[in-house]
Amino acid sequence: MRVLFCVCCLISVNIFAQKTDSVTEKKITTLLSKMTLEEKIGQLSQPVLDEHSKDVENEIAAGKVGSFCSFNKRHYTPSERNRLQKIAIEKSRLGIPIIFTYDVIHGFSTIYPISLGLSASWDLNLAKQVASMAAKEARYYGIDMTFSPMVDVSRDPRWGRISECYGEDVLLNSVFGKATVEGYQGNDLSKHENIGSCVKHFVGYGLSMGGRDKQFTEISKNTLLNTYLPPFKSAVDAGAVSVMTAFNDISGIPASANKFTMTDVLKDQWGFDGFTLSDWDAVLELQNHGIAGNDKEAAEKAINAGLDMEMRSDMYLNLVKSVKEGNVKESVVDEAVRRVLRIKYKLGLFDNPYIDDKKSNKVQLTEENRKLARKAGAESMVLLKNNGVLPLGKKGRLIIDGPFTNSKDMLGWWIGNGDDQNVVTVEEGIRNKTAGKLQIIHGSLSRNYDKTVLICLGESGGNFGESNCITDVTIPKSQIELVKEAKAKGKNVIAVIFNGRPWVLTPIMDYADAILIAWHPGTEAGNAVADVLFGDVNPSGKLTCSFPKMNGQIPIFYSDRISGRPRENKYKNIDANPLFEFGFGLSYTKFEYSNLKMSSNTLKKDGSITVSIDVKNIGKREGKEVVQLYIHDKVASISRPKRELVKFAKPNIKAGETQTITFNLSASDLAFYNIDDQYTLESGAYDLWVGGSSNCELSSKFTLED
Ligand code: BGC
């Protein structure tokens, strides 16, 4: 019999990171008391700048714009932002500044790897630095808030937006989300080098049915609590000023009109005091969802459920009538406005509404930023196979081929103000590195050299991302042929793949001697690839999403449950294992794990133990290794994942060196929502594994005790 121990204290939030001071709250109260209902509703509206070019000045002056969303850089210049802000400050009755927003997702002018790629670095400092650099470029350009990070746990590579999250794991989305929020927001949001972070898409979007974008989801309350909500909590605890609600419904209740998620959980339980913002037209679409019969009803359902600001669709204009009719209390509107104004104060917009547009150019795409993009690109790459053909020598001859050899299409889906003209291609990267000492020959097929051929494969940035869902994630036929034909010529084939989602690579496994997953690495793509190919950077990325053997295995992820008859958990034609598992990635050196030790085999519910392991670099090169610790709760009130990542570290280990890696495992790392949806610790037996991937074998056991 297992004893439950309620650990509600463990989910207490860092409300101090959120709350503004009482002086500001008083200012907000005073301001609110002066506002008309129309002006209040104006604060809750986020029109799209690009679409309001004709009457934009009048709308601002009338107090109808609380924030602007824009996606087109032609409309979004620093001086234009200042001009519009000036109208808000000087021409609107109460002079309330506007929040300018944009999708700064993995960079602004300098583009870094797509989020799925960056997560494969398992490097949280790097993620923070990347966000911080992006914030600086964006804020100097006049952007106050970004719609990022995206922390939708996703396990379906058919869904194009898997590229935007940090992979299939709850912990990784949580810690990368946190690091990213911290990087964007810094310590002081009023400083013109930090931007507000709007974490998205709240919640469950990653489970869109069948991997089709913007579809409904079926998510039990328990799964919501254990899998889909935790990354958002982590971002909110890190101080994210806004939360964007998703397009999908959650078991029938659209996320943008979902009282449970927005009010009960986010605001009441977590103490979030920023504002919620709908995704693009999501309030209008409540009618398509079939929960509202007209615009007014859609607006009422959204605001009454806790949605503060609406993006694009102007449904909230109907709220004037709703308040007059008594369908929405004015206090509900006031509370939403208070949240928006609070963030405007936090962003320093009342004191300092303008940006120095002369400085803007100086911070864009600097050498320093490019350097970071190059580093991030290389750290994100995952070496899946290597028959010893990598790293390459910098002299001699190299044949290059494939559609991505000279492509600048390496920026991914959201590219901010990035310009593909600034992208370093693979061939350029190789030439930069080898300075004329390596002869480059184009085309693998025409010549019969018995030499190494580098084939650059992949998908365009327009093939993944929003609305870009596909039924078949197998490497395209023409690319398989290229690899096969090169091999048939007796060449050593190195495949570098620029993909935005896990691919089925089974068809090339017997033909490629080396496979390097490069994702879409961003502006410095070619230099970063060359760093890895020639061994100046020893690859250390590890997959954060499983790569299936076949499409039919999807969805496939490491943390599924064992279920009742595991031996039958397979297909007639194939087992249930992925081709490459979560956490997998090779290096140019090798690591050996031994000596797994625990300070105790019992863990008290208010205590912690240490888990240590020796990691030896048995190869000839220095390298970094992502050391991963997994647990399994053997008997609980609900069936728990067969393995769950709870800790990781990424030490740099010299050739021949052994490092002892020590993890502090606290009882709180084991807490979860139980059968009664209570956040608890349940005493009992646990298995534990430590190693270099989710398949690691060195294991131990411990018991959690009262
Ligand atoms: C996307 C969001 C994005 C928003 C604004 C929506 O279609 O789902 O992720 O932030 O547009 O561009």
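Which residues line the second largest cavity? The legends below take up this question together with other close-up views of the structure, which is a predicted model.

**View A. The second largest cavity and its lining.** The lining of the second largest cavity is made up of Ile105, His106, Ile114, Ser115, Ser163, Glu164, Trp413 and Trp414. The space inside the second largest cavity comes to about 40 Å³, and its lining divides by class into four nonpolar, three polar and one charged residues. Trp414 also belongs to the residues around the ligand, which are the topic of a later view.

**View B. The largest cavity.** Rolling a probe the size of a water molecule over the atoms reveals where empty space remains. The count comes to three cavities of 30 Å³ or more, and the largest cavity holds about 90 Å³ of space. It has 13 lining residues, and those nearest its centre are Ile105, His106, Leu118, Val130 and Tyr184. Two or more lining residues of the largest cavity come from each of the elements α6 (115-119), α7 (124-141) and α8 (170-185), with α7 giving the largest share, four residues. By class, the lining of the largest cavity consists of nine nonpolar and four polar residues, and no charged residues are found in it.

**View C. The ligand and the residues around it.** The shell around the ligand is formed by Asp103, Phe147, Arg161, Lys200, His201, Met244, Phe247, Asp279, Trp280, Met311, Trp414 and Glu466, and by class it holds six nonpolar, one polar and five charged residues. Among the polar approaches to the ligand, a polar side-chain atom of His201 lies 2.7 Å from a ligand oxygen atom, while an N or O atom in the side chain of Asp279 is 2.5 Å from an oxygen atom of the ligand. For Glu466, an N or O atom of the side chain lies 2.7 Å from an oxygen atom of the ligand. On its own the ligand has 310 Å² of accessible area, of which the protein covers 95%.

**View D. The second largest pocket.** The volume of the second largest pocket is about 680 Å³. Its lining comprises 25 residues, of which Phe557, Asp560, Ala576, Asn577 and Lys642 are the closest to its centre. Sorted by class, the lining of the second largest pocket has 11 nonpolar, seven polar and seven charged residues.

**View E. A salt bridge between two helices.** Side chains of opposite charge can pair when their charged atoms come close. The structure holds 48 salt bridges, and one of them joins the side chains of Arg374 and Asp531, with an N to O distance of 2.8 Å. This pair links distant parts of the chain, with Arg374 in helix α17 (residues 367-380) and Asp531 in helix α20 (residues 525-533), 157 residues apart.

**View F. Backbone details in three loops.** The peptide bond between Phe202 and Val203 is cis, with omega about 10 degrees, and Val203 lies in the loop between β6 (196-202) and α9 (221-228). A cis peptide bond also runs from Leu390 to Pro391, where omega is near 0 degrees, and Pro391 is placed in the loop between β12 (382-386) and β13 (396-401). Leu365, a residue other than glycine, has a positive phi, near 45 degrees, and this leucine lies in the loop between α16 (360-363) and α17.

Conventions. Residues are numbered from 1 along each chain as its sequence is written. This is a predicted model: local features need pLDDT of at least 70, side-chain atom pairs count only at pLDDT 80 or more; totals for chains, interfaces and linings use all residues. Side-chain values use heavy atoms; hydrogens and water are left out. A residue is near a molecule or strand if one of its heavy atoms lies within 4 Å of it. A polar contact is a pair of N or O atoms within 3.5 Å; within protein, one must be able to donate a hydrogen and the other to accept it, and residues adjacent in sequence count only if both atoms are side-chain atoms. Accessible areas come from the Shrake-Rupley method with a 1.4 Å probe; for residues, only the protein chains shown count as cover. Ala, Val, Leu, Ile, Met, Phe, Trp, Tyr, Cys and Pro count as nonpolar, Asp, Glu, Lys and Arg as charged, and the others, Gly among them, as polar. On a 1 Å grid over the protein atoms alone, a cavity is a set of points where a 1.4 Å probe fits but cannot get out, and a pocket is an open set with protein on both sides within 12 Å along at least five of seven lines; lining residues have an atom within 4 Å of a point. Grid points are joined across faces, edges and corners, and a volume is the space filled by probe spheres set on the points. A salt bridge is a side-chain nitrogen of Lys or Arg within 4 Å of a carboxyl oxygen of Asp or Glu.
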